[in-house]
Amino acid sequence: MTIVYEKSKGLTDVPFHYCPGCTHGVIHKLVAETLVELGVLGEAIGVAPVGCSVLAYNYFNCDMQEAAHGRAPAVATGIKRALPDKVVFTYQGDGDLASIGSAEIVHAAHRAEKITTIFVNNAIYGMTGGQMAPTTLVGQKTTTSPLGRDEDLCGRPIRIAEMLATINGAKFVERVSVDTPANVRKAKKAIKRAFECQIKGEGFAIVEVLSSCPTNWGLTPVKALDWLRDNMIPYYPLGNFRDFEEGK
Ligand SMILES: Cc1ncc(C[n+]2csc(CCOP(=O)(O)OP(=O)(O)O)c2C)c(N)n1
Ligand code: SF4
């Protein structure tokens, strides 16, 4: 029989533990396919975060290192500086990257570390039961904002891509979404470009991926994608903010 589709060699055979409909799995697939297509799977070293993707080291078919909450960019910096020929990436949620790890990511970008960050923004702390994250939308209900996020108390949600795009050492910054097949294809392109940025020795690269958390949003997988499209994309506009070749 002709094989028309198979699991990327960039992933192991271990089944994902993610909830049904969670788009972490889609994003893993895109990263894994990219490493294979760029021919760098053997050189890749990933750094896993805390959060639902804490077990990412079981899924990517390359060397992996676990980091404490928010510290993945610092760990990746050490690995890349010690082993400059390796292709080093971090995979981080929004609680991990935009909350406790906000200083880490800013300074890694500022130093123009030659690492690639995949930033999964699902507007909530997934693993620990759905608390409010820095990315939670105004009015969004979470376990720690049962009446909805209050702007006066908590400020407005942080736009990480826009913030990092102001930093000169960040050479590639793009925000993508995985809510539709067309957007998944665009997400793959951005992820590829972010790895190319590192391989060409340009500097820090980040792709912010808008992702769903059906479990903590209390929605079915399909309704969660609708919610992402209707509520997250208007506040977190998709697009490229910096590209190393276009001199943005
Ligand atoms: C050093 C440290 N601090 C806090 C925690 C608790 N903790 C584990 S996962 C998590 C939330 C992470 O959420 P997010 O990064 O948004 O990822 P998601 O689960 O949504 O994918 C927290 C606070 C921890 N495991 N380690
Ligand atoms: S809790 Fe949310 S982010 Fe975590 S695996 Fe489930 S759906 Fe995905």
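Mentor: Let's start with a definition: a charge sits over a ring if NZ of Lys or CZ of Arg is within 6 Å of the ring centre and within 35 degrees of the ring normal. Keep in mind that we are looking at a predicted model.

Trainee: Over which ring does the charged end of Lys-7 sit?

Mentor: The cut-off for the distance to the ring centre is 6 Å. The charged end of Lys-7 is 5.7 Å from the centre of its ring partner. That partner is Phe-16.

Trainee: Thanks! And how many disulfides does a search of the whole structure find?

Mentor: A disulfide needs two cysteine sulfur atoms within 2.5 Å. For Cys-154, the closest cysteine sulfur belongs to Cys-213 and is 19 Å away, so a bond is ruled out by distance. Searching the whole structure gives a count of zero.

Trainee: Why is the pair of Phe-60 and Phe-89 given the class it has?

Mentor: Good one to work through. The two ring centres lie 5.6 Å apart, and the planes meet at 80 degrees. Planes over 60 degrees apart fall in one class, so the pair of Phe-60 and Phe-89 is edge-to-face.

Trainee: Is Phe-89 buried or exposed?

Mentor: Buried means under 20% relative accessible area. Phe-89 has a relative accessibility of 0%, so the residue counts as buried.

Trainee: What is the class of the ring pair Trp-217 and Trp-227?

Mentor: Their centres are 4.6 Å apart, with 50 degrees between the planes. Under 30 degrees would be stacked and over 60 edge-to-face. An angle of 50 degrees fits neither, so the pair of Trp-217 and Trp-227 is tilted.

Note on methods. Residues numbered from 1 in each chain as written. Chains lettered and ligands numbered in written order. Predicted model: local features only at pLDDT ≥ 70, side-chain atom pairs only at ≥ 80, totals over all residues. Heavy atoms only, no water. Phe/Tyr/Trp six-rings, centres within 6.5 Å; stacked < 30°, edge-to-face > 60°. Buried < 20%, exposed > 50% of the residue type's maximum accessible area, 1.4 Å probe, protein only.
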